[in-house]
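Me: I am new to this structure and would like a close look at one part of it. Please take me through the strands and helices there in one connected account, and explain each term as it comes up.

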Amino acid sequence: MSDHRGDLGQQDAQQGPGLFVSYDTPDFYCELMNRRDPASASLTLIRDRLAHFGLTELRQRARVAEADLYNLGITFTVYTDRDAIDRILPVDLIPRVLTAGEWDHVERGVQQRVAAINHFLWDIYHERRILKDGVVPAGLVLGNANYRPEMEGLDVPGRVYVHINGTDLVRDGAGNFLVLEDNARTPSGVSYVIENRHMMLRSMPDLAVGLDLMPVDEYGPRLRRALTETAPAGVQDAQVVLLSPGIYNSAYFEHVFLAREMGVPLVEGRDLMVENGRVFMRTVAGPRPVHSIYRRLNDDFLDPHVFNPDSMLGVPGLVDAYRRGNVTIANAIGTGVADDKAVYAYMPRIIRYYLGEEPILSNVDTHICAEPEGLAYTLANLDKLVVKPVGESGGYGLIIGPHATKAELETFRASLLADPANYISQPVIDLSVCPTLCEAGVEARHVDLRPFAVTGESTWVLPGGLSRVALRKGSLVVNSSQGGGSKDTWVLAS
(Lines give C-alpha, C1' and ligand atoms only; values in the text may rest on other atoms or scores of the structure.)
Protein backbone atom coordinates (compact mmCIF):
# COMPACT_ATOMS: atom_id res chain seq x y z
CA MET A 1 0.00 0.00 0.00
CA SER A 2 1.34 3.40 -0.94
CA ASP A 3 2.15 6.06 1.63
CA HIS A 4 -0.59 8.71 1.58
CA ARG A 5 1.46 11.49 3.12
CA GLY A 6 1.42 14.63 1.02
CA ASP A 7 -1.95 13.85 -0.61
CA LEU A 8 -3.93 16.33 1.46
CA GLY A 9 -3.59 19.08 -1.12
CA GLN A 10 -5.45 17.09 -3.78
CA GLN A 11 -8.70 18.72 -4.91
CA ASP A 12 -11.77 17.12 -6.41
CA ALA A 13 -14.05 18.67 -9.00
CA GLN A 14 -17.02 16.57 -7.91
CA GLN A 15 -17.27 18.34 -4.55
CA GLY A 16 -15.47 21.59 -5.04
CA PRO A 17 -12.45 22.88 -3.14
CA GLY A 18 -13.03 20.95 0.11
CA LEU A 19 -14.56 17.78 1.45
CA PHE A 20 -17.14 19.70 3.50
CA VAL A 21 -18.15 22.37 0.97
CA SER A 22 -21.60 20.78 0.50
CA TYR A 23 -21.91 19.32 4.00
CA ASP A 24 -25.24 20.07 5.69
CA THR A 25 -25.79 19.28 9.39
CA PRO A 26 -29.58 20.11 9.48
CA ASP A 27 -30.56 20.87 13.08
CA PHE A 28 -28.56 18.11 14.72
CA TYR A 29 -25.52 18.36 16.97
CA CYS A 30 -22.58 17.57 14.70
CA GLU A 31 -19.61 16.35 16.71
CA LEU A 32 -17.11 17.72 14.22
CA MET A 33 -18.65 20.77 12.57
CA ASN A 34 -21.05 22.59 14.89
CA ARG A 35 -20.06 21.76 18.42
CA ARG A 36 -21.52 24.01 21.11
CA ASP A 37 -18.25 24.25 23.04
CA PRO A 38 -14.89 25.76 22.05
CA ALA A 39 -13.10 23.23 19.86
CA SER A 40 -9.70 21.98 20.96
CA ALA A 41 -6.70 22.78 18.78
CA SER A 42 -6.33 19.11 17.85
CA LEU A 43 -9.98 18.84 16.83
CA THR A 44 -9.64 21.93 14.67
CA LEU A 45 -6.49 20.47 13.10
CA ILE A 46 -8.30 17.22 12.24
CA ARG A 47 -11.19 19.13 10.69
CA ASP A 48 -8.85 21.30 8.64
CA ARG A 49 -6.87 18.30 7.42
CA LEU A 50 -10.06 16.51 6.37
CA ALA A 51 -11.34 19.61 4.58
CA HIS A 52 -8.40 19.44 2.17
CA PHE A 53 -9.09 15.89 1.05
CA GLY A 54 -10.61 15.28 -2.34
CA LEU A 55 -13.67 13.08 -2.56
CA THR A 56 -12.15 10.79 -5.17
CA GLU A 57 -9.06 10.28 -3.02
CA LEU A 58 -11.16 9.45 0.03
CA ARG A 59 -13.26 6.97 -1.94
CA GLN A 60 -10.13 5.24 -3.22
CA ARG A 61 -8.75 4.89 0.29
CA ALA A 62 -12.13 3.55 1.45
CA ARG A 63 -12.11 0.86 -1.24
CA VAL A 64 -8.61 -0.22 -0.25
CA ALA A 65 -9.60 -0.30 3.42
CA GLU A 66 -12.71 -2.37 2.70
CA ALA A 67 -10.72 -4.93 0.72
CA ASP A 68 -8.17 -5.00 3.53
CA LEU A 69 -10.84 -5.80 6.13
CA TYR A 70 -12.37 -8.54 3.99
CA ASN A 71 -9.01 -10.15 3.26
CA LEU A 72 -8.23 -10.17 6.97
CA GLY A 73 -11.50 -12.00 7.63
CA ILE A 74 -12.94 -9.21 9.79
CA THR A 75 -16.58 -10.17 9.22
CA PHE A 76 -19.83 -10.87 11.01
CA THR A 77 -22.67 -13.17 10.01
CA VAL A 78 -26.25 -12.28 9.11
CA TYR A 79 -28.19 -15.54 8.93
CA THR A 80 -31.30 -13.87 7.49
CA ASP A 81 -29.51 -12.87 4.27
CA ARG A 82 -28.76 -15.97 2.23
CA ASP A 83 -27.08 -13.93 -0.50
CA ALA A 84 -24.48 -12.28 1.74
CA ILE A 85 -24.12 -14.23 4.96
CA ASP A 86 -20.59 -13.09 5.83
CA ARG A 87 -20.14 -9.33 5.71
CA ILE A 88 -17.54 -6.85 6.75
CA LEU A 89 -18.72 -4.15 9.13
CA PRO A 90 -18.46 -1.05 6.90
CA VAL A 91 -15.93 1.42 8.32
CA ASP A 92 -16.11 5.11 7.56
CA LEU A 93 -12.73 6.81 7.16
CA ILE A 94 -13.82 10.05 8.82
CA PRO A 95 -13.13 9.36 12.51
CA ARG A 96 -15.34 10.28 15.41
CA VAL A 97 -13.31 12.45 17.81
CA LEU A 98 -13.79 12.92 21.57
CA THR A 99 -11.88 15.47 23.63
CA ALA A 100 -10.05 14.52 26.83
CA GLY A 101 -12.74 16.26 28.90
CA GLU A 102 -15.57 14.44 27.15
CA TRP A 103 -13.84 11.12 27.64
CA ASP A 104 -13.21 11.78 31.33
CA HIS A 105 -16.96 12.30 31.81
CA VAL A 106 -17.85 9.13 29.89
CA GLU A 107 -15.20 7.04 31.64
CA ARG A 108 -16.30 8.06 35.14
CA GLY A 109 -19.94 7.51 34.25
CA VAL A 110 -19.31 4.02 32.88
CA GLN A 111 -17.22 3.05 35.92
CA GLN A 112 -20.00 4.25 38.22
CA ARG A 113 -22.62 2.31 36.29
CA VAL A 114 -20.61 -0.94 36.30
CA ALA A 115 -20.04 -0.63 40.06
CA ALA A 116 -23.79 -0.22 40.65
CA ILE A 117 -24.64 -3.16 38.39
CA ASN A 118 -22.25 -5.46 40.29
CA HIS A 119 -23.73 -4.33 43.64
CA PHE A 120 -27.22 -4.94 42.28
CA LEU A 121 -26.45 -8.44 41.03
CA TRP A 122 -24.78 -9.44 44.30
CA ASP A 123 -27.78 -8.17 46.26
CA ILE A 124 -30.55 -9.82 44.24
CA TYR A 125 -28.80 -13.19 44.45
CA HIS A 126 -28.17 -12.80 48.21
CA GLU A 127 -30.01 -10.51 50.66
CA ARG A 128 -32.37 -8.77 48.17
CA ARG A 129 -32.31 -5.56 50.18
CA ILE A 130 -33.20 -3.44 47.16
CA LEU A 131 -36.31 -5.54 46.59
CA LYS A 132 -37.36 -5.52 50.23
CA ASP A 133 -36.95 -1.75 50.34
CA GLY A 134 -39.19 -1.38 47.29
CA VAL A 135 -36.61 0.49 45.21
CA VAL A 136 -36.98 -2.04 42.38
CA PRO A 137 -40.17 -4.13 42.03
CA ALA A 138 -39.49 -7.72 43.12
CA GLY A 139 -41.57 -9.13 40.30
CA LEU A 140 -39.47 -7.32 37.73
CA VAL A 141 -36.39 -9.19 38.98
CA LEU A 142 -37.62 -12.55 40.27
CA GLY A 143 -40.01 -13.00 37.35
CA ASN A 144 -37.38 -11.97 34.80
CA ALA A 145 -36.55 -14.57 32.16
CA ASN A 146 -32.84 -13.92 32.77
CA TYR A 147 -33.01 -14.44 36.55
CA ARG A 148 -31.17 -17.66 37.45
CA PRO A 149 -32.10 -19.33 40.76
CA GLU A 150 -28.90 -21.39 40.41
CA MET A 151 -26.96 -18.22 41.32
CA GLU A 152 -28.70 -17.69 44.65
CA GLY A 153 -26.14 -17.62 47.46
CA LEU A 154 -23.19 -18.16 45.13
CA ASP A 155 -20.25 -16.00 46.24
CA VAL A 156 -18.48 -15.00 43.04
CA PRO A 157 -14.83 -13.91 43.53
CA GLY A 158 -14.48 -10.21 44.27
CA ARG A 159 -18.26 -9.86 43.93
CA VAL A 160 -17.65 -9.29 40.22
CA TYR A 161 -20.52 -10.51 38.06
CA VAL A 162 -19.92 -8.28 35.05
CA HIS A 163 -16.28 -8.55 34.01
CA ILE A 164 -16.97 -7.16 30.52
CA ASN A 165 -19.63 -4.50 30.02
CA GLY A 166 -20.75 -2.53 26.99
CA THR A 167 -22.75 0.62 27.74
CA ASP A 168 -24.57 2.05 24.73
CA LEU A 169 -24.51 5.86 24.73
CA VAL A 170 -26.05 8.51 22.50
CA ARG A 171 -25.70 12.29 22.44
CA ASP A 172 -28.73 14.55 22.31
CA GLY A 173 -29.29 17.85 20.55
CA ALA A 174 -27.18 19.68 23.14
CA GLY A 175 -24.32 17.18 22.95
CA ASN A 176 -25.11 15.55 26.31
CA PHE A 177 -24.25 11.86 26.67
CA LEU A 178 -27.23 9.65 27.59
CA VAL A 179 -27.29 5.92 28.35
CA LEU A 180 -29.45 4.03 25.88
CA GLU A 181 -28.95 0.55 27.34
CA ASP A 182 -26.54 -1.73 29.18
CA ASN A 183 -24.98 -4.90 27.78
CA ALA A 184 -23.97 -7.04 30.73
CA ARG A 185 -24.19 -10.55 29.30
CA THR A 186 -21.83 -11.15 26.39
CA PRO A 187 -21.28 -7.72 24.77
CA SER A 188 -19.68 -7.90 21.34
CA GLY A 189 -17.88 -5.51 19.03
CA VAL A 190 -14.64 -4.72 20.83
CA SER A 191 -12.59 -6.41 18.09
CA TYR A 192 -13.83 -3.79 15.62
CA VAL A 193 -12.58 -1.01 17.91
CA ILE A 194 -9.05 -2.36 17.77
CA GLU A 195 -9.07 -3.40 14.12
CA ASN A 196 -10.61 -0.08 13.06
CA ARG A 197 -7.69 1.72 14.66
CA HIS A 198 -5.15 -0.47 12.89
CA MET A 199 -6.96 0.04 9.60
CA MET A 200 -7.16 3.81 10.07
CA LEU A 201 -3.45 4.13 10.78
CA ARG A 202 -2.77 2.18 7.59
CA SER A 203 -5.31 4.05 5.45
CA MET A 204 -5.16 7.59 6.87
CA PRO A 205 -1.68 8.06 8.36
CA ASP A 206 -1.53 11.68 7.20
CA LEU A 207 -4.67 12.49 9.20
CA ALA A 208 -3.33 11.07 12.46
CA VAL A 209 0.30 12.20 12.23
CA GLY A 210 1.44 14.24 15.22
CA LEU A 211 -1.79 13.76 17.19
CA ASP A 212 -1.72 12.47 20.78
CA LEU A 213 -4.43 9.78 20.62
CA MET A 214 -5.19 7.45 23.51
CA PRO A 215 -4.25 3.87 22.47
CA VAL A 216 -6.67 0.93 22.22
CA ASP A 217 -4.20 -1.98 22.18
CA GLU A 218 -4.32 -2.69 25.93
CA TYR A 219 -7.69 -4.44 25.86
CA GLY A 220 -6.49 -8.05 25.58
CA PRO A 221 -3.90 -7.88 28.38
CA ARG A 222 -6.31 -5.91 30.58
CA LEU A 223 -9.04 -8.51 30.14
CA ARG A 224 -6.71 -11.40 30.86
CA ARG A 225 -5.48 -9.61 34.00
CA ALA A 226 -9.06 -9.07 35.20
CA LEU A 227 -9.91 -12.74 34.71
CA THR A 228 -6.75 -13.71 36.58
CA GLU A 229 -7.59 -11.32 39.43
CA THR A 230 -11.05 -12.84 39.79
CA ALA A 231 -9.96 -16.48 39.51
CA PRO A 232 -10.96 -18.79 42.40
CA ALA A 233 -9.23 -18.04 45.71
CA GLY A 234 -5.83 -19.60 46.19
CA VAL A 235 -5.14 -20.21 42.50
CA GLN A 236 -1.68 -19.26 41.33
CA ASP A 237 -1.00 -18.67 37.63
CA ALA A 238 -4.66 -19.07 36.63
CA GLN A 239 -5.42 -20.77 33.33
CA VAL A 240 -7.84 -18.59 31.34
CA VAL A 241 -9.72 -19.82 28.25
CA LEU A 242 -12.23 -18.28 25.84
CA LEU A 243 -15.27 -20.52 25.33
CA SER A 244 -16.86 -20.10 21.89
CA PRO A 245 -19.92 -21.77 20.34
CA GLY A 246 -17.75 -22.46 17.32
CA ILE A 247 -17.08 -21.41 13.77
CA TYR A 248 -20.73 -20.98 12.80
CA ASN A 249 -21.36 -18.27 15.40
CA SER A 250 -21.97 -14.79 13.96
CA ALA A 251 -19.14 -13.29 16.04
CA TYR A 252 -16.60 -16.07 15.60
CA PHE A 253 -14.05 -13.68 14.13
CA GLU A 254 -14.15 -11.74 17.39
CA HIS A 255 -13.65 -14.91 19.46
CA VAL A 256 -10.51 -15.79 17.50
CA PHE A 257 -9.29 -12.20 17.69
CA LEU A 258 -9.77 -11.85 21.45
CA ALA A 259 -8.21 -15.20 22.28
CA ARG A 260 -5.15 -14.09 20.33
CA GLU A 261 -5.11 -10.64 21.98
CA MET A 262 -5.39 -12.23 25.44
CA GLY A 263 -2.88 -14.98 24.68
CA VAL A 264 -5.25 -17.73 25.85
CA PRO A 265 -6.64 -20.92 24.28
CA LEU A 266 -9.83 -20.67 22.22
CA VAL A 267 -12.00 -23.66 23.14
CA GLU A 268 -15.42 -25.12 22.45
CA GLY A 269 -17.55 -27.06 24.88
CA ARG A 270 -16.19 -30.39 23.64
CA ASP A 271 -12.66 -29.26 24.57
CA LEU A 272 -13.58 -28.99 28.26
CA MET A 273 -14.68 -31.57 30.81
CA VAL A 274 -15.61 -31.61 34.50
CA GLU A 275 -14.23 -34.19 36.92
CA ASN A 276 -14.84 -34.13 40.67
CA GLY A 277 -16.23 -30.61 40.47
CA ARG A 278 -13.23 -29.18 38.61
CA VAL A 279 -12.91 -28.03 35.01
CA PHE A 280 -10.20 -29.39 32.73
CA MET A 281 -9.13 -28.68 29.16
CA ARG A 282 -8.32 -31.63 26.93
CA THR A 283 -4.79 -31.33 25.50
CA VAL A 284 -2.40 -33.71 23.75
CA ALA A 285 -0.45 -33.86 27.00
CA GLY A 286 -3.53 -34.81 29.02
CA PRO A 287 -6.14 -32.85 31.03
CA ARG A 288 -5.09 -29.36 32.10
CA PRO A 289 -6.93 -27.42 34.88
CA VAL A 290 -8.99 -24.38 33.85
CA HIS A 291 -9.69 -21.63 36.37
CA SER A 292 -11.36 -18.75 34.46
CA ILE A 293 -13.67 -19.01 31.46
CA TYR A 294 -14.53 -16.04 29.28
CA ARG A 295 -17.70 -17.44 27.75
CA ARG A 296 -19.22 -16.16 24.51
CA LEU A 297 -22.39 -18.24 24.64
CA ASN A 298 -25.63 -17.59 26.46
CA ASP A 299 -26.67 -19.06 29.81
CA ASP A 300 -29.09 -21.53 28.22
CA PHE A 301 -26.31 -23.36 26.40
CA LEU A 302 -23.63 -23.44 29.12
CA ASP A 303 -24.50 -26.70 30.88
CA PRO A 304 -26.99 -29.28 29.56
CA HIS A 305 -27.31 -30.74 33.07
CA VAL A 306 -28.83 -27.47 34.33
CA PHE A 307 -30.18 -25.46 31.40
CA ASN A 308 -31.07 -26.63 27.89
CA PRO A 309 -30.63 -30.43 27.94
CA ASP A 310 -30.24 -30.48 24.16
CA SER A 311 -27.27 -28.10 24.13
CA MET A 312 -24.22 -29.49 22.35
CA LEU A 313 -22.25 -26.28 22.92
CA GLY A 314 -21.73 -26.27 26.66
CA VAL A 315 -19.94 -28.34 29.29
CA PRO A 316 -21.85 -30.94 31.36
CA GLY A 317 -21.24 -30.29 35.06
CA LEU A 318 -19.94 -26.73 34.58
CA VAL A 319 -22.51 -25.15 36.91
CA ASP A 320 -21.63 -27.63 39.68
CA ALA A 321 -17.95 -26.68 39.40
CA TYR A 322 -18.98 -23.02 39.40
CA ARG A 323 -21.12 -23.35 42.52
CA ARG A 324 -18.28 -25.15 44.30
CA GLY A 325 -16.06 -22.13 43.65
CA ASN A 326 -13.62 -24.01 41.44
CA VAL A 327 -14.00 -21.91 38.31
CA THR A 328 -14.83 -18.30 37.39
CA ILE A 329 -17.26 -17.65 34.55
CA ALA A 330 -17.18 -14.23 32.90
CA ASN A 331 -19.66 -12.79 32.67
CA ALA A 332 -21.37 -14.58 35.53
CA ILE A 333 -24.49 -16.62 34.92
CA GLY A 334 -27.66 -14.58 35.46
CA THR A 335 -26.27 -11.14 34.59
CA GLY A 336 -29.02 -10.67 31.99
CA VAL A 337 -31.29 -9.29 34.70
CA ALA A 338 -29.11 -6.18 34.85
CA ASP A 339 -29.32 -5.35 31.15
CA ASP A 340 -33.05 -5.94 30.87
CA LYS A 341 -34.59 -2.84 29.30
CA ALA A 342 -37.19 -2.54 32.05
CA VAL A 343 -34.60 -2.81 34.85
CA TYR A 344 -32.64 -0.16 32.93
CA ALA A 345 -35.33 2.35 33.83
CA TYR A 346 -34.44 1.89 37.50
CA MET A 347 -30.68 2.31 37.07
CA PRO A 348 -30.60 5.91 38.40
CA ARG A 349 -32.30 4.66 41.57
CA ILE A 350 -29.96 1.67 41.73
CA ILE A 351 -26.92 3.98 41.56
CA ARG A 352 -28.28 6.19 44.33
CA TYR A 353 -29.22 3.17 46.48
CA TYR A 354 -25.86 1.39 46.43
CA LEU A 355 -23.39 4.21 45.86
CA GLY A 356 -25.11 7.21 47.42
CA GLU A 357 -24.25 9.25 44.32
CA GLU A 358 -26.12 11.01 41.56
CA PRO A 359 -25.73 9.32 38.16
CA ILE A 360 -22.90 10.83 36.14
CA LEU A 361 -24.54 9.61 32.92
CA SER A 362 -28.30 10.10 32.67
CA ASN A 363 -30.77 7.60 31.24
CA VAL A 364 -33.04 8.37 28.34
CA ASP A 365 -36.54 8.92 29.79
CA THR A 366 -38.18 5.51 29.83
CA HIS A 367 -41.79 4.37 30.24
CA ILE A 368 -42.36 0.80 31.43
CA CYS A 369 -45.37 -0.66 29.65
CA ALA A 370 -45.81 -3.29 32.37
CA GLU A 371 -46.98 -0.42 34.58
CA PRO A 372 -50.48 1.02 33.88
CA GLU A 373 -49.32 4.63 33.59
CA GLY A 374 -46.42 3.65 31.31
CA LEU A 375 -48.70 1.64 29.04
CA ALA A 376 -51.32 4.40 28.89
CA TYR A 377 -48.70 7.02 28.00
CA THR A 378 -47.17 4.79 25.33
CA LEU A 379 -50.50 3.97 23.70
CA ALA A 380 -51.48 7.65 23.66
CA ASN A 381 -48.16 8.71 22.09
CA LEU A 382 -47.24 5.69 19.98
CA ASP A 383 -46.61 7.83 16.91
CA LYS A 384 -44.06 9.94 18.82
CA LEU A 385 -42.06 7.26 20.67
CA VAL A 386 -39.52 4.51 20.15
CA VAL A 387 -40.97 1.27 21.57
CA LYS A 388 -38.65 -1.67 22.23
CA PRO A 389 -39.11 -5.26 23.41
CA VAL A 390 -37.24 -5.69 26.70
CA GLY A 391 -35.42 -8.89 25.76
CA GLU A 392 -34.35 -8.21 22.17
CA SER A 393 -31.09 -6.77 20.86
CA GLY A 394 -29.64 -5.85 17.49
CA GLY A 395 -32.42 -3.41 16.62
CA TYR A 396 -35.02 -6.17 16.17
CA GLY A 397 -38.65 -5.89 17.23
CA LEU A 398 -38.72 -2.13 17.82
CA ILE A 399 -40.81 0.57 16.19
CA ILE A 400 -39.88 4.23 15.69
CA GLY A 401 -43.24 5.99 15.82
CA PRO A 402 -42.49 9.07 13.68
CA HIS A 403 -41.06 6.85 10.93
CA ALA A 404 -43.82 4.22 10.95
CA THR A 405 -46.93 4.06 8.75
CA LYS A 406 -50.44 4.07 10.24
CA ALA A 407 -50.79 0.39 9.41
CA GLU A 408 -47.48 -0.44 11.11
CA LEU A 409 -48.51 1.51 14.20
CA GLU A 410 -51.84 -0.31 14.46
CA THR A 411 -50.21 -3.71 14.05
CA PHE A 412 -47.66 -2.82 16.71
CA ARG A 413 -50.42 -1.49 18.99
CA ALA A 414 -52.06 -4.94 18.93
CA SER A 415 -48.75 -6.61 19.88
CA LEU A 416 -48.22 -4.10 22.68
CA LEU A 417 -51.71 -4.69 24.13
CA ALA A 418 -51.24 -8.47 23.91
CA ASP A 419 -48.04 -8.41 25.98
CA PRO A 420 -47.38 -4.98 27.54
CA ALA A 421 -44.79 -6.35 29.99
CA ASN A 422 -42.54 -7.10 27.02
CA TYR A 423 -42.12 -3.44 26.07
CA ILE A 424 -40.67 -0.11 27.16
CA SER A 425 -40.94 3.21 25.33
CA GLN A 426 -38.67 6.21 25.02
CA PRO A 427 -38.80 9.60 23.29
CA VAL A 428 -37.10 9.93 19.92
CA ILE A 429 -33.75 11.57 20.67
CA ASP A 430 -32.21 13.98 18.18
CA LEU A 431 -29.09 11.83 17.97
CA SER A 432 -25.84 13.58 17.24
CA VAL A 433 -24.32 13.18 13.81
CA CYS A 434 -20.85 12.89 12.32
CA PRO A 435 -19.68 13.57 8.76
CA THR A 436 -19.75 10.27 6.87
CA LEU A 437 -18.68 9.24 3.37
CA CYS A 438 -21.85 8.29 1.47
CA GLU A 439 -22.83 7.68 -2.15
CA ALA A 440 -23.67 11.33 -2.75
CA GLY A 441 -20.64 12.70 -0.93
CA VAL A 442 -19.97 13.54 2.71
CA GLU A 443 -23.25 13.69 4.63
CA ALA A 444 -24.42 13.77 8.24
CA ARG A 445 -25.24 10.38 9.74
CA HIS A 446 -26.42 9.50 13.24
CA VAL A 447 -24.00 7.73 15.60
CA ASP A 448 -23.95 6.02 18.98
CA LEU A 449 -21.06 4.85 21.19
CA ARG A 450 -20.38 1.61 23.06
CA PRO A 451 -17.49 1.98 25.54
CA PHE A 452 -16.20 -1.35 26.87
CA ALA A 453 -15.37 -1.69 30.58
CA VAL A 454 -13.22 -4.47 32.04
CA THR A 455 -13.55 -5.22 35.75
CA GLY A 456 -11.23 -7.21 37.99
CA GLU A 457 -9.91 -5.63 41.17
CA SER A 458 -10.84 -2.27 39.56
CA THR A 459 -12.65 -1.12 36.42
CA TRP A 460 -10.76 0.05 33.33
CA VAL A 461 -12.55 1.51 30.30
CA LEU A 462 -11.12 1.09 26.81
CA PRO A 463 -10.49 4.63 25.49
CA GLY A 464 -13.16 5.45 22.95
CA GLY A 465 -15.22 2.39 22.17
CA LEU A 466 -17.27 1.25 19.21
CA SER A 467 -18.89 4.13 17.33
CA ARG A 468 -21.69 2.75 15.20
CA VAL A 469 -23.15 4.83 12.39
CA ALA A 470 -26.55 4.61 10.70
CA LEU A 471 -25.49 4.56 7.05
CA ARG A 472 -29.03 4.85 5.68
CA LYS A 473 -30.08 8.47 5.29
CA GLY A 474 -32.39 9.58 8.09
CA SER A 475 -32.12 6.25 9.93
CA LEU A 476 -31.64 6.09 13.69
CA VAL A 477 -30.79 2.35 13.70
CA VAL A 478 -27.05 1.82 13.92
CA ASN A 479 -26.93 -1.96 14.39
CA SER A 480 -24.72 -3.82 11.92
CA SER A 481 -27.48 -6.37 11.25
CA GLN A 482 -29.76 -3.49 10.24
CA GLY A 483 -27.41 -1.82 7.76
CA GLY A 484 -25.17 0.15 10.12
CA GLY A 485 -21.44 0.67 9.97
CA SER A 486 -18.71 1.90 12.30
CA LYS A 487 -16.13 4.65 12.79
CA ASP A 488 -12.79 4.68 14.54
CA THR A 489 -13.23 6.60 17.81
CA TRP A 490 -10.32 8.90 18.54
CA VAL A 491 -9.88 10.12 22.11
CA LEU A 492 -7.55 13.08 22.34
CA ALA A 493 -5.12 12.55 25.21
CA SER A 494 -4.86 16.26 26.00
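Reply: Two strands are said to pair if DSSP finds at least two bridges between them. Strands are DSSP runs of E with at least two residues, helices are runs of H or I with at least four, and both are numbered from the N terminus. The model is predicted, so local features need pLDDT of at least 70 and side-chain atom pairs count only at pLDDT 80 or more, while totals for chains, interfaces and linings use all residues. Residues are numbered from 1 along each chain as its sequence is written, and side-chain values use heavy atoms, with hydrogens and water left out.

By that rule, β8 and strand β9 (residues 278-281) pair in the antiparallel sense, with four bridges between them. One facing pair is Leu 272 and Met 281, the latter in β9. These strands belong to an open sheet of three, ordered β8-β9-β10, with antiparallel pairing. Which strands stand at the edges of this sheet? They are β8 (272-275) and β10 (288-289); each has a single partner strand, so one side of each has no neighbour in the sheet.

Ahead of this sheet in sequence comes helix α9 (residues 252-262). Its residues Phe 253, Glu 254, His 255, Phe 257, Leu 258, Ala 259 and Met 262 are buried, a word that stands for under 20% relative accessible area, with exposed being over 50% and partly exposed in between (1.4 Å probe, protein chains only). Just after α9 comes Gly 263, with a positive phi of about 75°.

Packing between helices is next. Two packed helices are described by the angle between their axes and the distance between the axes. Axes are lines fitted to C-alpha atoms, for helices over the stretch in contact, and the angles between N-to-C directions run from 0 to 180 degrees.

Helix α8 (residues 219-229) packs against α9 at an angle of about 75°, and their axes are 7 Å apart. That makes α8 roughly perpendicular to α9; the class covers 65 to 115 degrees, whereas under 35 is roughly parallel, over 145 roughly antiparallel and the rest oblique. On the α8 side the contact (heavy atoms within 4.5 Å) uses Tyr 219, Gly 220, Pro 221, Leu 223, Arg 224 and Leu 227, and on the α9 side Leu 258, Glu 261 and Met 262. Sorted by class, the contact of α8 with α9 has six nonpolar, one polar and two charged residues. Here Ala, Val, Leu, Ile, Met, Phe, Trp, Tyr, Cys and Pro count as nonpolar, Asp, Glu, Lys and Arg as charged, and the others, Gly among them, as polar.

Helix α6 (residues 190-203) also meets α9: the axes come within 9 Å and cross at roughly 70°. These two helices are therefore roughly perpendicular to each other as well. Val 190, Ser 191, Tyr 192, Ile 194 and Glu 195 of α6 touch Phe 253, Glu 254, Phe 257, Leu 258, Arg 260 and Glu 261 of α9. The contact of α6 with α9 has six nonpolar, one polar and four charged residues.

Before α6 in sequence lie two more strands, β4 and β5. Strand β4 (residues 164-171) is mostly covered, with eight of its eight residues buried. Ile 164, Gly 166, Asp 168 and Val 170 point one way from β4, while Asn 165, Thr 167, Leu 169 and Arg 171 point the other way. Strand β5 (residues 177-183) pairs with β4 in the antiparallel sense over six bridges, and there Asp 182 is the bridge partner of Thr 167. The two strands form a hairpin with five residues between them, and Gly 175 in the turn has a positive phi of about 90°. Another antiparallel partner of β4 is strand β20 (residues 452-455), joined over three bridges; in β20, Val 454 stands opposite Ile 164.

One residue of β4 can be followed further. Asp 168 is found in this strand and counts as buried because its relative accessibility is 2%. Its side chain makes polar contacts of 3.3 Å with that of Asn 183 and of 2.6 Å with that of Arg 450. A polar contact is a pair of N or O atoms within 3.5 Å; within protein, one must be able to donate a hydrogen and the other to accept it, and residues adjacent in sequence count only if both atoms are side-chain atoms. Leaving out residues up to four places away in sequence, Asp 168 touches several others, including Leu 178, Leu 180, Leu 449 and Arg 468.
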